[in-house]
Amino acid sequence: MVATAALSACANGGGLRVEGPESPPSDTPTPSVALGTSTPSPPPERTPKVAVDLYKVRARLLADKHLTGYDRTVLSNCTVISRCLSRGKTVDVLHSGTPQQIVLIHTLDKFVFGIFLIAVEPTGLRPIWNLDVEQPTVNASPQGDLVVESKIFTINDPVCCPSGRRVEVYRWNGRQMTKVSSTDQ
């Protein structure tokens, strides 16, 4: 009885959610509630979240004539979408007021080797830009630029452990994303 009461005190009231390996994301987000209050905590980001359907992203990317050969091979052979694509952050680097979704392409063991920026438009998904880069961290700057940090190997690094990093900044110029800076550290 005490264990049941203790465990129920930790519950969020949402019940048990069971998903298979290919279940689509829930359309209704579970509100987060700060401990000891009854009001949801404010969202950490200003850009609204979008839940792009990764099946549709895969189909749209495979239809793109500019998709690289390696990306096309990975996506063509990918039968379980969660094994090759995942959602990154939602941003508004186009300054359109409509969010864009960062989508990561990766191997089975979650080694990320590329990113795509997908615009969510009334007519559907539109690939805006992509970059082949290993193990990136992608964020929007306060100015609305896209900041990509990736790992790089220096001359004496063992195969397991890159010690360097590259920070690249990309900006939307009204027609395309352009690199405005690149720094190796």
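## Strands, disulfides and selected residues in a predicted model

Gln100 is a residue of strand 2; strands (E, at least two residues) and helices (H or I, at least four) are DSSP runs, numbered from the N terminus. The model is predicted, so local features need pLDDT of at least 70 and side-chain atom pairs count only at pLDDT 80 or more, while totals for chains, interfaces and linings use all residues. Residues are numbered from 1 along each chain as its sequence is written, and side-chain values use heavy atoms, with hydrogens and water left out.

**Gln100 and the four-stranded sheet**

Gln100 has a relative accessible area of 1% and is therefore buried (buried means under 20% relative accessible area, exposed over 50%, partly exposed in between, with a 1.4 Å probe and protein chains only). Its side chain makes a polar contact of 3.2 Å with the side chain of Asp92. A polar contact is a pair of N or O atoms within 3.5 Å; within protein, one must be able to donate a hydrogen and the other to accept it, and residues adjacent in sequence count only if both atoms are side-chain atoms. Leaving out residues up to four places away in sequence, Gln100 touches Lys89, Thr90, Val91, Asp92, Val93, Leu94, Leu117, Ile118 and Ala119, where contact means heavy atoms within 4.5 Å.

Strand 2 belongs to an open sheet of four strands in the order 1-2-3-4, with antiparallel pairing. Strand 1 (85-91) and strand 4 (124-131) are the edge strands; each has a single partner strand, so one side of each has no neighbour in the sheet. On average, neighbouring strands of this sheet are turned by 30° against each other, direction ignored; axes are lines fitted to C-alpha atoms, for helices over the stretch in contact, and angles run from 0 to 180 degrees between N-to-C directions. Within the sheet, seven bridges connect strand 2 (residues 100-106) with strand 3 (residues 112-121) in the antiparallel sense, two strands being paired if DSSP finds at least two bridges between them. Val103 has Phe116 of strand 3 as its bridge partner.

His95 is located in the loop between strand 1 and strand 2. Its phi is near 55°, a positive value in a residue other than glycine. Gln135, in the loop between strand 4 and strand 5, is likewise not a glycine and has a positive phi of about 45°. The relative accessibility of Gln135 is 32%, so this residue counts as partly exposed.

**Strands 6, 7 and 8**

Strand 6 (residues 146-152) and strand 7 (residues 164-172) run antiparallel and are joined by seven bridges. Glu149 stands opposite Val167 of strand 7. Strand 7 also pairs with strand 8 (residues 177-184), again antiparallel and over seven bridges; here Tyr170 has Lys179 of strand 8 as its bridge partner. Strands 7 and 8 form a hairpin with four residues between them, and Gly174 in the turn has a positive phi of about 100°.

Asp145 is in the loop between strand 5 (137-140) and strand 6. With a relative accessible area of 6%, Asp145 is buried. The side chains of Asp145 and Arg171 are joined by a polar contact of 2.8 Å. Apart from neighbours within four places in sequence, Asp145 is in contact with Val93, Asn139, Ala140, Val169, Tyr170 and Arg171.

**Disulfides**

A disulfide is a covalent bond between the sulfur atoms of two cysteines. A search of the whole structure finds two disulfides, defined as pairs of cysteine sulfur atoms within 2.5 Å. With the bonded cysteines of the chain numbered in sequence order, the pairing is 1-2, 3-4.

| Disulfide | S to S distance | Angle about the S-S bond |
|---|---|---|
| Cys78 and Cys84 | 2.0 Å | -90°, left-handed |
| Cys160 and Cys161 | 2.2 Å | -85°, left-handed |

Are the bonded cysteines Cys78 and Cys84 buried or exposed? Cys78 has a relative accessibility of 9% and counts as buried; Cys84, at 3%, also counts as buried. In the other link, Cys160 is exposed, with a relative accessible area of 62%, and Cys161 is partly exposed, with 37%.
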